[in-house]
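Colleague: Could you take me on a close look at a single part of this protein? I would like to hear how that part is put together and what surrounds it.

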Amino acid sequence: MAEAEAPALPVEDPTLADRHLLALPAGVSPEEVGVLAASRFRGVRWEDAPASEAPTRTGVLPAVTAALGIRAVGRQAAPVRALRLARLSTLAGPYRTDAAGAVALGLPATTVMVWVLHTPRERGERPYPGGDRDGLKRAFPDGLPVREEGRVVQWLVAAARRLGGAVRTQTGAVLTPDPDASTDLTVLTDRWVEPATVLELVQRVQPRAYLSEAIPGSWKGPTLLAGRSSQGAVGGAPESGGSGLRSALEQHGVQDDDERQRLMAEADAFDELMLAAPPPSESFGVLVDLGVDGMLAVEVAACEQLPPLMEDLPWTKDGVVAYRVRWEPFEIEQIEQEKPSLPHRVARSRSAPLVAQVAKVLQAAVGGEVADEADFLVDPADL
């Protein structure tokens, strides 16, 4: 549906004040919104919007006389479609609006299309203090959305971030998520590549990359002066748990010396076997030290949950490997700030292109699809 063909949003409709709104700039088609919905929800489909869910423009026609008095006649907005997100939630639209109408609703003046969310109101407890990157704690100070409302509202914010739009919540708060805040990318493929090969690929972009020590087969046993051996040793750290752990072992541990020695011998034999013939790698990581900008990490492991949009692809049936490319800033708490500090944003602007370059190199080598933090697919050509 072209923007000019969309029905106008009746800004004066009082029911809009009780709805969550997705506001989008020019150039975003309904098909793009539908793809993002299918990336998060199963069974997404287009439906005709029920008359009860279509905003109406009241006061357009003059009042007419009825047999029992005066009644007002409203004109129904042009029929629109609704995107079924979940059992009780639909997204009706799009509706066109101008800058004046957008500002009247508290939306950015760049808004040209608005979608109206119909979902049950389900609120939980008041939000805990702490990070609020999406602004949901600010928007719902008396109780965060939970269950179905929580899922669809979180998707609204993610879609607004991806499409450069905004969300006006039923509480009246306007959320304008920063598109640059989404830096991490994941390559989803059916190909497993050994750690040395992944390291070589990452080093094409970042020569300083190195394998993380936390990979299977790299552990050489406990360090000296660890655990019980630390007690009374010069420079040794106290045992984790302190005297409470020792008391628990004295009460519940194996008391028989011969049985304890047998168990320790079995443990030593198992350790020797694992060190001599470690199991095949099931996950590993590659790290890049970015100095004051933080760390770049590539984490490789089996994908536990695919975006719904990919579940029916033929090559995903036998399992998928996820190559997650993450940026970890020096001040990690800044990631969860709705408005992070200037140093964080500067470091992010330098690190995000590196994440994209690494993801592009990996995808070129292993194939598959690239997804962003919200599980929305990304065209490798756009990286």
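What follows is a walk around one sheet and its neighbours.

Modeller: Happy to! Please keep in mind that this is a predicted model. The chain averages a pLDDT of 82, and 81% of the residues score at least 70. Two stretches call for caution. Over residues 57-78 the pLDDT stays under 50, and the model has 24 contacts for them beyond four places in sequence. Residues 229-237 also stay under 50 in pLDDT, with 11 such contacts.

Now to the sheet. It is an open sheet of 7 strands with antiparallel pairing, in the order 13-14-15-16-12-17-18. Strand 13 and strand 18 (377-378) stand at the edges; each has a single partner strand, so one side of each lacks a neighbour in the sheet. Further in, strand 15 and strand 16 run antiparallel and are joined by 8 bridges. To find your place in that pair, look for Ala-297, whose bridge partner in strand 16 is Arg-326. As a reminder of the background, strands of a sheet pair through backbone hydrogen bonds, either parallel or antiparallel.

Two helices belong in this picture. Helix 8 lies across strand 12 (185-189), strand 15, strand 16 and strand 17 (369-372), and it runs at about 160° to strand 16. Helix 5 (residues 195-205) has as its buried residues Pro-195, Val-198, Leu-199, Leu-201, Val-202 and Val-205. They cover an arc of only 165° around the axis, which puts them on the same side of helix 5. The face turned away from that buried side carries the exposed residues Ala-196 and Arg-204. And what covers the buried residues of helix 5? The cover includes strand 13 (210-211), strand 14 (283-289), strand 15 (295-302) and strand 16 (321-328), along with helix 8 (342-366).

Next come the charged side chains around the sheet and helix 8. Side chains of opposite charge can pair when their charged atoms come close. The structure holds 18 salt bridges, and a few of them are worth tracing here.

Start with Arg-133 and Glu-373, whose side chains meet in a salt bridge at 3.2 Å, N to O. This pair links distant parts of the chain: Arg-133 sits in the loop between strand 9 and helix 3 (136-139), while Glu-373 sits in the loop between strand 17 and strand 18, 240 residues apart. Arg-133 counts as buried because its relative accessibility is 19%, and the cut-off for that label is under 20%. Glu-373 counts as partly exposed, at 33% relative accessibility.

A second salt bridge brings together the side chains of Arg-138 and Glu-338, at 2.8 Å, N to O. Here Arg-138 lies in helix 3 and Glu-338 in the loop between strand 16 and helix 8, so the pair ties together parts that are 200 residues apart in sequence. Arg-138 is partly exposed at 42% relative accessibility, and Glu-338 is partly exposed with a relative accessible area of 30%.

A third salt bridge involves helix 8 itself. Arg-350 pairs with Asp-293, and their closest N and O atoms are 2.7 Å apart. Because Arg-350 lies in helix 8 and Asp-293 in the loop between strand 14 and strand 15, the pair ties together parts that are 57 residues apart in sequence. Arg-350 counts as partly exposed, at 44% relative accessibility, whereas Asp-293 is buried, with a relative accessible area of 10%. Salt bridges that share partners also join Arg-45, Glu-47 and Arg-84 into one network.

To finish, here is a strand outside the order I gave you. In strand 1 (residues 20-24), 5 of the 5 residues are buried, so this strand is largely enclosed by the rest of the structure. Both of its faces are covered, with His-20, Leu-22 and Leu-24 buried on one side and Leu-21 and Ala-23 buried on the other. Strand 1 pairs with strand 9 (residues 113-118) in the antiparallel sense over 5 bridges, and Leu-22 has Trp-115 as its bridge partner there. Strand 1 also runs antiparallel to strand 10 (residues 166-168), joined to it by 3 bridges. In that pairing, Ala-23 stands opposite Ala-166.

Note on methods. Residues numbered from 1 in each chain as written. Predicted model: local features only at pLDDT ≥ 70, side-chain atom pairs only at ≥ 80, totals over all residues. Heavy atoms only, no water. pLDDT = per-residue confidence, 0-100. Contact = heavy atoms within 4.5 Å. Buried < 20%, exposed > 50% of the residue type's maximum accessible area, 1.4 Å probe, protein only. Helix = DSSP H or I, 4+ residues; strand = E, 2+ residues; numbered from the N terminus. Pairing = 2+ DSSP bridges. Arc of directions from axis to C-beta. Axes fitted to C-alpha atoms, helices over the stretch in contact; angles between N-to-C directions. Salt bridge = Lys/Arg side-chain N within 4 Å of Asp/Glu carboxyl O.
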